[in-house]
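Let us take a walk through this model together, one region at a time. Keep the viewer open and follow along.

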Amino acid sequence: MGCPTESKPSLVQAGLGPVEDALTPQDRTVYPGLDLPNGERYVRQINGYFNGEQTGYWFFGFAARRTADAFFVCRDGDDMCPLDPKGHIQWDRLVGGPVFSHIPTETGYSPFWVMWTVRVPTDYKANDLKSMDGIMAAKTAGWVKVEQQMFDHGGTIGTDLTLTHCAQVLAGTTLDRAGETLVNKPTVKMRVIQPRKGWHKQRQVTFFDFNASEGVSSPDPISQSRPLMRTSDIFVAFRDCAGGSKSLICQKVNSLQGSVSERGTETDFTNDNDKRDTNNVIIAFPYTVPVDPKDADRAYSPLWRVTAWKIKPAFDSQVKLIDVTLDQDKSDVKSVAQIRQLLAQGSLYDLDFVNEGMTGTAIAGNDGLTFFSCPSQVAFDAP
């Protein structure tokens with residue numbers, strides 16, 4: 001009798017269908033997006049300002065600073081997979097969709113992922129591996145190699161871990177105004193962000209790849225046991241209704257303070273048949289350095305720490321925002337520098353970080369602060 005030969009067990013994992021098949025109605029509410037009466041679902045655009053100009057971004061809701069893990073499958077020896085030298089994911093070189101460690105219904109989910117590269121042999125077929133457990137089993141057996149993806153971030157950071165921004169959504173979700181022109185720039189098309197497919201526990205998931213508009217990030221240097229996402233800042237305007245403000249916001253909104261934001265108040269006060277307009281000001285933008293010297297070391301991040309700036313009622317008439325002009329294009333305050341100037345001259349109360357108690361969204365690891373997940377819209381020909 002001949003000696004038995006050892007056969008290589010199959011790497012192929014069966015697909016269990018789309019993740020939506022395993023979600024309850026309550027689970028679906030955790031995913032970003034709004035449902036329209038016709039059954040469609042979209043992530044809304046918000047209008048704000050950066051460095052004196054209007055800008056647009058998508059509001060994906062509250063988010064954690066923590067990161068999760070995502071695994072990108074590449075052929076062994078393909079040095080251009082998964083990233084090109086600019087930090088963009090090379091989707092045409094990947095061998096199937098990425099595998100994610102979490103989905104939005106699970107504790108530990110984040111739209112910000114530590115990138116891992118899975119190196120597979122030439123006989124591997126795309127999407128054979130569909131779960132983190134499958135990848136780890138294949139690694140243990142010596143069939144694949146798994147390594148943290150490193151990237152040269154340049155400047156004072158140098159080579160470090162690689163974080164990427166992939167926001168999971170329900171299948172069929174769209175981005176508000178996707179592929180149209182940038183806010184207040186009718187001749188400039190925005191870059192199209194594609195929905196893509198990946199895997200979690202052998203179920204197919206849908207996500208938007210914002211790496212295409214942002215590139216990759218390095219972890220926040222304060223990270224300890226688990227890498228944290230770097231943060232930027234958003235400054236949200238308020239009128240002081242409790243302090244006696246007679247502003248339009250305070251007349252329209254039954255609140256002790258009036259947010260100068262159509263999204264925040266769900267009120268179309270600029271009368272343009274949408275609820276996108278705000279007087280929010282952001283401090284950084286993709287591929288730019290913050291213009292204020294106080295924040296010159298804070299590169300763009302789509303994770304925004306929320307800071308409230310509130311106008312003293314005595315100065316309401318002197319600080320004309322979009323709630324006074326009723327025009328999303330017109331405001332006295334379109335930059336962080338202008339906010340700090342108003343603060344210095346006494347027109348504002350002290351700036352205040354918005355805590356989780358105000359928003360009712362306690363998220364582990366955020367140290368009591370509120371963070372928004374808001375990828376910026378960029379031009380089609382951005383770097």
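A residue is called buried here when its relative accessible area is under 20% and exposed when that value is over 50%, with partly exposed in between. One thing to keep in mind as we go is that this is a predicted model.

With that cut-off in hand, please find strand β19, which covers residues 277-282. How many of its residues are buried? Six of the six are, so the strand is largely enclosed by the rest of the structure. In a regular strand, side chains alternate between the two faces of the sheet. You can follow both faces in β19: Asp 277, Asn 279 and Val 281 are on one side, while Thr 278, Asn 280 and Ile 282 are on the other. Both sides are covered, and each of these residues is buried.

Which strands pair with β19? Strand β3, residues 45-50, runs parallel to β19 and is joined to it by three bridges. Strand β17, residues 232-239, pairs with β19 in the antiparallel sense, over two bridges. Val 281 is a handy residue to select here, as it appears in both pairings: Tyr 49 stands opposite Val 281, and Phe 235 stands opposite Val 281 too.

Next, let us turn to the cysteines. A disulfide is counted when two cysteine sulfur atoms lie within 2.5 Å, and by this rule the model has two disulfides. One of them joins Cys 74 to Cys 81, with an S to S distance of 2.1 Å. What is the handedness of this bond? The torsion about the S-S bond of Cys 74 and Cys 81 is about -75°, so the disulfide is left-handed. Both ends are out of reach of the probe to a great extent by the numbers: Cys 74 is buried at a relative accessible area of 0%, and Cys 81 counts as buried at 2%.

Cys 241 and Cys 250 form a disulfide as well, with their sulfur atoms 2.0 Å apart. Here the S-S torsion is about -90°, so this disulfide is also left-handed. Cys 241 is buried with a relative accessible area of 15%, and Cys 250 is buried with a value of 15%. If you number the bonded cysteines in sequence order, the pairing reads 1-2, 3-4.

What about Cys 166? This residue is in no disulfide, and the nearest cysteine sulfur, that of Cys 74, is 13 Å away. Cys 166 nevertheless counts as buried, at 0% relative accessibility. Why does Cys 374 not form a bond with its closest cysteine? Its sulfur is 17 Å from that of Cys 166, the closest one, which is too far for a bond. Cys 374 is buried too, with a relative accessible area of 0%.

Finally, let us look at an exposed residue. Thr 159 lies in strand β10, residues 159-161. Its relative accessible area is 54%, so Thr 159 counts as exposed. Which residues does Thr 159 touch, leaving aside its neighbours within four places in sequence? Its contacts are Met 150, Phe 151, Asp 152 and His 153. For a sense of distance across the model, select Gln 26 as well: Thr 159 and Gln 26 are 133 residues apart along the chain, and their C-alpha atoms are separated by 41 Å.

Key: Residues are numbered from 1 along each chain as its sequence is written. This is a predicted model: local features need pLDDT of at least 70, side-chain atom pairs count only at pLDDT 80 or more; totals for chains, interfaces and linings use all residues. Side-chain values use heavy atoms; hydrogens and water are left out. Buried means under 20% relative accessible area, exposed over 50%, partly exposed in between (1.4 Å probe, protein chains only). Helices (H or I, at least four residues) and strands (E, at least two) are DSSP runs, numbered from the N terminus. Two strands pair if DSSP finds at least two bridges between them. Contact means heavy atoms within 4.5 Å.
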